[in-house]
Amino acid sequence: MSSYPQTWTITNLFEVCQPRQWKTISTKELTQAGYTVYGANGVIGFYNQYTHEAPTLMITCRGATCGNLHISKPFSYINGNAMALDHLNESICSMSYLHRFLQARGFDDVISGSAQPQITQEGLRKVDIPIAPRQEQKRIADKLDTVLTRVDAVNTRLARAAPLPKR
């Protein structure tokens, strides 16, 4: 803890939220309209029920993209291929701060399985979070949002420019 300011604390992920995998909906059960359904890598369709009223941070917990992070829209169904970080106690940790921290931390030490990488609740018990005071959390998350938006824009321009030398 010595590398963090004295005003910060270290808290386990399970002290700020309840990671959970919900029932997986098969592709046959998806509908043409309804509530947005999130799978491992984002939106996969619609369903007539939702699991989450509020936006929820989720972690891809199966497959090659294991450890990717997404935030659901309100009134969404989060499928079992993503670990929903339910009941986030925002009086301790804001969603944007937790999102950016987990993004920077990564999940290499949490992913198990060789043929099929996966993240389990048990693996997530290893995740500790440095908790800054609320105002500092907001400042950190806002700054990262600004900087990473610029990085994304530069990456998009670079991707468009890459084919130019070939022409």
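This tour leads through a predicted protein model, one selection at a time.

**The whole chain**

Begin with the entire protein in view. The C-alpha trace spans about 50 × 50 × 35 Å along its principal axes. Colour the chain by secondary structure, and 4 helices and 9 strands should appear. Followed along the sequence, these elements come in the pattern β-α-β-β-β-β-β-β-β-α-α-β-α.

Next, display the surface. The accessible surface comes to about 9,900 Å², and 52% of that area belongs to carbon and sulfur atoms. Of the 167 residues, 37% count as buried. Contacts across the sequence may also be considered here: among those between residues at least 6 apart, 64% join residues at least 24 apart. If the charged side chains are shown, there are 18 positive and 13 negative charges, and the mean positions of the two groups are 10 Å apart.

**The open sheet**

Select β2, β8, β5 and β6. These 4 strands form an open sheet in the order β2-β8-β5-β6, with antiparallel pairing. The edge strands are β2 (18–20) and β6 (69–71), each of which pairs on one side only. From one strand to the next, the twist averages 30°.

Now restrict the selection to β5, residues 57–60, together with β6. The two strands pair in the antiparallel sense over 3 bridges. Which residue of β6 is the bridge partner of Leu-57? The partner is Ile-71.

Add helix α2, residues 95–105, to the view. This helix lies across β5, β6 and β8, and runs at about 165° to β6.

**The hairpin and its parallel neighbour**

Move to β3, residues 35–39. Is this strand mostly covered or mostly uncovered? Strand β3 is mostly covered, since 4 of its 5 residues are buried.

Select β4, residues 42–47, as well. Strands β3 and β4 run antiparallel and are joined by 5 bridges; together they form a hairpin with 2 residues between them. One pair to display is Tyr-38 and its bridge partner in β4, Val-43.

Then add β7. Here the pairing with β3 is parallel, through 3 bridges. Val-37 stands opposite Tyr-77 of β7.

**Asn-79**

Select Asn-79, which is placed in the loop between β7 (76–78) and β8 (82–86). Is this residue buried or exposed? Asn-79 counts as buried because its relative accessibility is 2%, and buried means under 20%. To see its surroundings, show the residues that Asn-79 touches beyond four places away in sequence: Trp-22, Lys-23, Thr-24, Ile-25, Val-37, Tyr-38, Gly-39 and Ile-44.

**Two residues with positive phi**

The last stop concerns the backbone. Most residues other than glycine have a negative phi. Select Phe-75, in the loop between β6 and β7. Phe-75 has a positive phi of about 55° although it is not a glycine. Its relative accessible area is 37%, so Phe-75 is partly exposed.

Finally, select His-87, in the loop between β8 and α2. His-87 is not a glycine, yet its phi is positive, at about 55°. Why does His-87 count as exposed? Its relative accessibility is 62%, and exposed means over 50%.

Terms used. Residues are numbered from 1 along each chain as its sequence is written. This is a predicted model: local features need pLDDT of at least 70, side-chain atom pairs count only at pLDDT 80 or more; totals for chains, interfaces and linings use all residues. Side-chain values use heavy atoms; hydrogens and water are left out. Buried means under 20% relative accessible area, exposed over 50%, partly exposed in between (1.4 Å probe, protein chains only). Contact means heavy atoms within 4.5 Å. Accessible areas come from the Shrake-Rupley method with a 1.4 Å probe; for residues, only the protein chains shown count as cover. Lys and Arg count as positive and Asp and Glu as negative; His and the chain ends are not counted. The place of a charge is taken as NZ of Lys, CZ of Arg, CG of Asp or CD of Glu. Two strands pair if DSSP finds at least two bridges between them. Axes are lines fitted to C-alpha atoms, for helices over the stretch in contact, and angles run from 0 to 180 degrees between N-to-C directions.
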